[in-house]
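Hi,

Here's the two-chain file I promised you. Have a look at it first, and then read on for what I found.

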Amino acid sequence: MNLIHKIAQAGMSLLLIALFSSALLAQTPNAGKEQALIVDSRDAYERVSALKALFVEVDGKIRAVRGRFESAALPLQRSLEALKNSGQKPEDTRKQKAQLLIKLADLQKAASIEQQKIGRANELAVAEFDALMLKVALELQTERGAKAVLQAQDLLYYRSDCPCNVTEEIYKRINARLPKLVLKL
Amino acid sequence: MHYFLYAIALTLLTASAANASVILLVDSAKAEAQSVVFARLKSEAAATQQKQTGKAAPLNAQFQEALEQSLSEWRSALEDAVAKVAIANTADIVIEPSTAKLKGLQGTDRTADVVIVLDLQFAKLKFAAP
């Protein structure tokens, strides 16, 4: 009986050792960590102050170009209208009309070139943001020992309050490191 | 004393497991292929075309469009069904197996569960003939 009791006790001790070993192994740096991190950057234009300011600046510049074009084009359009209603024969006004139309086309082309320049500068600034976003995401991946960082739009579902969702942390770090995005025109 | 130590060890194990994110895999293409409702709607479309035109297959453009229209209801509910299955399994992330493979992630395949949810929801869905 005593022997059986001793064997049972030894068995229980072994079981305890095994349980503690598993628990300790599970506490090692890479255990229990998220396999993947999630980033939902769909509202970045609202949450990243530099990006928000860039959007306002780009919008303002494009509106200004449009405004300048419209005020320069208006007198030409009025002159064209006046020619139409002048009662003169079309052959007599053809040259004037053609000159006005050429001027209008030139204005339009100049405005379009200016808008394209703003568009390209915007793309470059956004690329700067994208690069930082990627850098911060990789930093977090390394810090948390995750295998991958997933974009929310690539997922079928994610729990928004999952600790694996690092969107807030990413925005926090980007806002701290990127106070402004410069529109290099 | 032993029981007390068991409890501590188990608590440690449970706490560490709770930190890991739960990933499920759902293959949307496979879900369509496994769906009974999908297969039934396709047969209904072929049978209706057979009745109207005397030819079951291939579906003509009109019937194909009508079939796609019927299937779209099932397809558009996929996201909700995935969310239901995810919540039931207390999952954190659901991804396509192809994404998991690409990113080197592992998860449990729950495509069959999603198909069950959708097929139950659309058990009475019928093919709307053009």
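Going along the sequence of chain A, the order of elements is α-β-α-α-α-β-β-α. In total that chain has five helices and three strands. Bear in mind throughout that this is a predicted model. Of chain A's 185 residues, 16% count as buried. Among its contacts with a separation of 6 or more, 85% are between residues 24 or more positions apart.

Chain B reads α-β-α-α-α-α-β-α-β-α from the N terminus, with seven helices and three strands. Here 32% of the 130 residues count as buried. The share of contacts at 24 or more positions, again out of those with a separation of 6 or more, is 81%.

Now the strands. In chain A, β1 (residues 36-39) runs parallel to β2 (residues 148-151), and four bridges pair the two. One of the bridge partners is easy to find: Ala36(A) is matched with Ala148(A) in β2(A). In a regular strand, side chains alternate between the two faces of the sheet. For β1(A), both faces are covered: Ala36(A) and Ile38(A) are buried on one side, and Leu37(A) and Val39(A) are buried on the other.

The other sheet involves both chains. It is open, has four strands with mixed pairing, and its order is β3(A)-β2(B)-β1(B)-β3(B). At the edges sit β3 of chain A (157-158) and β3 of chain B (108-109), each pairing on one side only. Where do the chains meet in this sheet? β3(A) is joined to β2 of chain B (residues 93-95) by two bridges, and these strands run antiparallel. If you want a residue to click on, Tyr157(A) is opposite Val94(B) in β2(B).

On to the helices of chain B. α3 (residues 36-53) and α4 (residues 61-76) pack at an angle of about 160 degrees, and their axes are 10 Å apart. An angle over 145 degrees counts as roughly antiparallel, so that is what α3(B) is with respect to α4(B). The crossing of these two helices is right-handed. On the α3(B) side, the residues in contact are Val37(B), Phe38(B), Leu41(B), Lys42(B), Ala45(B) and Gln49(B), and they meet Phe63(B), Ala66(B), Leu67(B), Ser70(B), Leu71(B) and Trp74(B) of α4(B). By class, that contact has nine nonpolar, two polar and one charged residues.

Which residues does Phe127(B) touch, leaving out those up to four places away in sequence? They are Leu41(B), Glu44(B), Ala45(B), Thr48(B), Leu67(B) and Ser70(B). Phe127(B) itself lies in the segment after α7 (111-121) of chain B. It counts as buried because 21 other C-beta atoms lie within 10 Å, where the cut-off is 20 or more. The C-alpha atom of Phe127(B) is also 8.7 Å from that of Arg40(B), although the two residues are 87 apart along the chain.

Last, α7(B). Its buried residues are Thr111(B), Asp113(B), Val114(B), Val115(B), Val117(B), Leu118(B) and Asp119(B). The cover over them includes α2 (28-34), α3, α4, α5 (78-88) and β3 of chain B. So α3 and α4 turn up here too, as part of what covers the buried residues of α7(B).

Cheers

Definitions and conventions
Residues are numbered from 1 along each chain as its sequence is written. Chains are lettered from A and ligands numbered from 1 in the order in which they are written. This is a predicted model: local features need pLDDT of at least 70, side-chain atom pairs count only at pLDDT 80 or more; totals for chains, interfaces and linings use all residues. Two strands pair if DSSP finds at least two bridges between them. Axes are lines fitted to C-alpha atoms, for helices over the stretch in contact, and angles run from 0 to 180 degrees between N-to-C directions. Angles under 35 degrees count as roughly parallel, over 145 as roughly antiparallel, 65 to 115 as roughly perpendicular and the rest as oblique. A crossing is left-handed if the near helix is turned anticlockwise from the far one by less than a right angle, and right-handed if clockwise. Two residues are in contact if their C-beta atoms, placed from the backbone, lie within 7 Å. Ala, Val, Leu, Ile, Met, Phe, Trp, Tyr, Cys and Pro count as nonpolar, Asp, Glu, Lys and Arg as charged, and the others, Gly among them, as polar. A residue is buried if 20 or more other C-beta atoms lie within 10 Å of its own, exposed if 12 or fewer, and partly exposed in between; C-beta atoms are placed from the backbone.
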